[in-house]
There are 2 protein chains.
Amino acid sequence: MADEVVVVAVLSARLGREDELADSLAELAAATHQEPGCRRYAVHRDVDDPKRFVLIEQWETRAALDEHFTQPHMAVAAERAGELVDGPLLSVFCSSLPAGDPSKGAL
Amino acid sequence: MADEVVVVAVLSARLGREDELADSLAELAAATHQEPGCRRYAVHRDVDDPKRFVLIEQWETRAALDEHFTQPHMAVAAERAGELVDGPLLSVFCSSLPAGDPSKGAL
């Protein structure tokens, strides 16, 4: 667990491109799940602002995450993001601070 | 799963108050794990910016999440946040968009 990296990314679709971005993220998730070291790559949509999406990722190691950014499906996603994504991407790489009930206090 | 709400919150500590905020979030997590409908309440710390923390929460229903905000430990946390937290809180309520491998595509 000590080497594990959790990533949270928040991004917004351009107006009218929301569903295309949702589809693109779903494809990206399916491809990413095949990568070594990917424990989780989960797509979410803001219930109050459907343009906004949140990715929650869990990687065995930082090396596995670094490798992820070199994958062909990431290049495709980055190119599509240029058309579909509006404004800045918030992306936070973090480590778990376990607390309380172990079954609820970490991913 | 359809009723489930996932919350991602990102907040930063005032300079020098990082460890107090980490402790406060750990206490909040432990108390929150006892609430009905709390499936997960996991504290994370940014590896590149140790002032920044990320909460990943998973609630059975929106009603359970609404109830969470009325709890005494939330009132205590909100009061402490006034001293310990710097700048705005980003908080996103979202729903899962399952994709790919079911064991990796959702919390």
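**Interface and strand pairing in a predicted two-chain model**

Of the interface residues of chain A, 100% are also interface residues in chain B, so the copies meet through the same surface. Contact here means heavy atoms within 4.5 Å. The model is predicted: local features need pLDDT of at least 70, side-chain atom pairs count only at pLDDT 80 or more, and totals for chains, interfaces and linings use all residues. Residues are numbered from 1 along each chain as its sequence is written, chains are lettered from A and ligands numbered from 1 in the order in which they are written, and side-chain values use heavy atoms, with hydrogens and water left out.

Chain A superposes on chain B by a rotation of 180 degrees with 0.0 Å of shift along the axis (RMSD 0.0 Å). This is the relation of a two-fold axis. In chain A, Leu107(A) has the C-alpha nearest the axis, 3.6 Å from it. The fit was by least squares on the C-alpha atoms of residues with pLDDT of at least 70 in both copies.

Each side has its share in the contact: 40 residues from chain A and 40 residues from chain B. The buried area between the chains is about 3,200 Å², and carbon and sulfur atoms give 64% of it. On chain A, the most area is lost to chain B by His33(A), Leu97(A) and Lys104(A), together 20% of what that side buries. Buried area is the accessible area (1.4 Å probe) that two parts lose on being put together, summed over both.

Across the interface, 0 salt bridges are found. A salt bridge requires a side-chain nitrogen of Lys or Arg within 4 Å of a carboxyl oxygen of Asp or Glu. Polar contacts between the chains number 16 residue pairs, both residues at pLDDT 80 or more. Such a contact is a pair of N or O atoms within 3.5 Å; within protein, one must be able to donate a hydrogen and the other to accept it, and residues adjacent in sequence count only if both atoms are side-chain atoms.

Strand 2 of chain A gives the largest share of the side that touches chain B, 9 residues. That side divides into 23 nonpolar, 8 polar and 9 charged residues. Nonpolar covers Ala, Val, Leu, Ile, Met, Phe, Trp, Tyr, Cys and Pro; charged covers Asp, Glu, Lys and Arg; the others, Gly among them, are polar. Helices (H or I, at least four residues) and strands (E, at least two) are DSSP runs, numbered from the N terminus.

Strand pairing also crosses between chains. Strand 4 of chain A and strand 2 (residues 38-46) of chain B pair in the antiparallel sense over 3 bridges. Pairing requires at least two DSSP bridges between the strands. In strand 2 of chain B, Asp46(B) is the bridge partner of Cys94(A), and Arg45(B) that of Ser95(A).
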